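Colleague: Please take one part of this predicted model and go through it closely. Begin with disulfides, then go on to the surroundings of the ligand.

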Amino acid sequence: MSTDTITTVAGAFVDGREHANAGDPLPITNPGIGEVFAEVPGGTPDDVDTAVGAAARALQEWSALAVSKRGEILGAAARHVESHLDELVPVLTREQGKTLRDSRIELTKAVDTLMHYVGLSKTLRGAHTPGLDPGVDGIVLRRPLGVVGAIVPWNFPTTLLCNKLAPALVAGNTVVAKPAGTTPLTTLRFAQLLAEGGLPAGVFNVVTGSGSVTGTALVRHPVVRKIAFTGSTPVGEQIMALAAPGMKRVTLELGGSDPMIICDDADLDAAASAASMGRFYNCGQACLAIKRVYVFDSVADEVIEQITAKAKRLKVGRGDVKGSQMGPLHTAAQRDEVAGQVQRTLDAGGTLLAGGGPPDDADLDSGFFYAPTVVADAPHDVPMATEEVFGPALPIWRVADLDEAIARANASPFGLGSSVWTRDLARARHAAERIEAGYTWINSRTKVYDELPFGGWKSSGYGKEHGIEAFDYYTETKSVVFGA
Ligand code: NAD
């Protein structure tokens, strides 16, 4: 591609307008064809400082508004974004790779999440404890934290941002976001649209850049009071350490390796559909994705056959081509990592039932594609069991009973999501109580609800997003005692 077809973008949105970052240009690649189509300069520590300064200046006025007024302003701004979804959808597909349909689902969900917290802004109520002593009452005040840094990955750039932005802003904080270096464009336009829709300057700022320069500068910045991070477990651990000086608050939404347990009394058709959807959606690049299946031996052949058939039927294609059901992986490195994990699992004794390499379609050769893959009957210590597989490859194991399945499910450093398929309520309850994970779906596809708190156990994270509980992570409480 000639350089004159490469667009250059300013790289930041600060204080209500574009801001030109001073760092080295980062290439933005279309994963469907493997070509660079834009360059975005990364944010330097000075650019981060400018953005944090804008957020700090906006804080006083924003936090002083009535909570319902903040909700009203955010709601109007979100509606403005919603009216531009047709413009945003192809931008997201071009930089991320996902299908146009999935981009629309993601962006619609991002707006829904903003609106969910707009709704909660009208219902927030506090606590009052009468009679602490004769004539003495207590109340619990909530105050915003201040400037929040939001760091998000490339798999769902806008929903993962709004999970942080919505409760942070409604609670009275201001935000500086750092999108992944490879997916800044939708986020920058999203910020511009929120500003056009009436969000005051400085309340929400974006600085694009690498994790090592821009991300680190944001985490280290002394004025930032909290880092809300979604990404991999190793980076989450680094951020927790970097945030220690000054006791910055952190929420860490990290990697997962969600187990799915299919019992012998399950609706096997529905379970197989949920497994296929839960593993291959977004080309398998989701934190909450079904990454390991444990199926009772007596029904395993039927389940494995159904899941394999579904994997083989999926239409893999470029995100912007009509009819594509699964797009490419986001980068060549991501594809190669998944291919390596599958190969090492096969080398250790797994049986390949579908996929295992690029799709058989010469038109897709230049993109970062990997066919939907199913591997069965591998040993239990293979990479597909012990590591997070962030791509379209599903391992399936046979188990003797529910207790073996639960033990296998828990034999992972991760504890994000999980699902259980059975018609027996006692079995469902037994499993839900014992699986070490922040979410367990029973006979349900693995959908995340704004209404319910979400967050990982063990190496999958710290703190909660979603639900009214999210406000706990964007406020400090203070107990105030009124004497007689
Ligand atoms: P990543 O951890 O490499 O990067 C995530 C973000 O952190 C990016 O914006 C990156 O630039 C930034 N970053 C990297 N190093 C940094 C540093 N030292 N300081 C500050 N910021 C830094 O993750 P990824 O590979 O982009 O995303 C995939 C991972 O995200 C997977 O592990 C996936 O499971 C996880 N994820 C978790 C959730 C969840 O809610 N639990 C949701 C989606 C994705």
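Modeller: The count of disulfides, meaning pairs of cysteine sulfur atoms within 2.5 Å, comes to zero. For Cys-162, the nearest cysteine sulfur belongs to Cys-287 and is 15 Å away. Cys-162 counts as buried because its relative accessibility is 0%; buried means under 20% relative accessible area, exposed means over 50%, and partly exposed lies in between, with a 1.4 Å probe and protein chains only. Cys-263 is buried too, with a relative accessible area of 0%.

A word on how to read the values. This is a predicted model, in which local features need pLDDT of at least 70 and side-chain atom pairs count only at pLDDT 80 or more, while totals for chains, interfaces and linings use all residues. Residues are numbered from 1 along each chain as its sequence is written, and side-chain values use heavy atoms, with hydrogens and water left out.

Now the ligand. There are 29 residues around it, where a residue is near a molecule if one of its heavy atoms lies within 4 Å of it. Val-152, Ser-232, Leu-254, Cys-287 and Glu-388 come nearest. Three of these names come back when polar atoms are considered. A polar backbone atom of Val-152 is 2.8 Å from an oxygen atom of the ligand. For Leu-254, a backbone N or O atom lies 2.7 Å from a nitrogen atom of the ligand. In Glu-388 the side chain is involved: one of its N or O atoms is 2.5 Å from an oxygen atom of the ligand. On its own the ligand has 850 Å² of accessible area, and the protein covers 89% of that; accessible areas come from the Shrake-Rupley method with a 1.4 Å probe, and for residues only the protein chains shown count as cover.

The shell around the ligand draws on several elements. α7 (211-220), β11 (224-230) and α8 (233-242) each supply at least two residues, and the largest share, four residues, comes from α7. Helices here are DSSP runs of H or I with at least four residues, strands are runs of E with at least two, and both are numbered from the N terminus. By residue type, the shell divides into 16 nonpolar, ten polar and three charged. Ala, Val, Leu, Ile, Met, Phe, Trp, Tyr, Cys and Pro count as nonpolar, Asp, Glu, Lys and Arg as charged, and the others, Gly among them, as polar.

For the setting of this site, the protein chain has 14 helices and 23 strands. Of its 484 residues, 56% count as buried.

One backbone detail remains. Most residues other than glycine have a negative phi. Asn-282 has a positive phi of about 60° although it is not a glycine. Its place is the loop between α9 (268-280) and β14 (290-296), and Asn-282 is buried, with a relative accessible area of 4%. Asp-377 likewise has a positive phi of about 60°, and lies in the loop between β16 (373-376) and α12 (383-386). With 33% relative accessibility, Asp-377 counts as partly exposed.

How values were computed: Polar contact = N/O pair within 3.5 Å; in protein donor to acceptor, adjacent residues only side chain to side chain.
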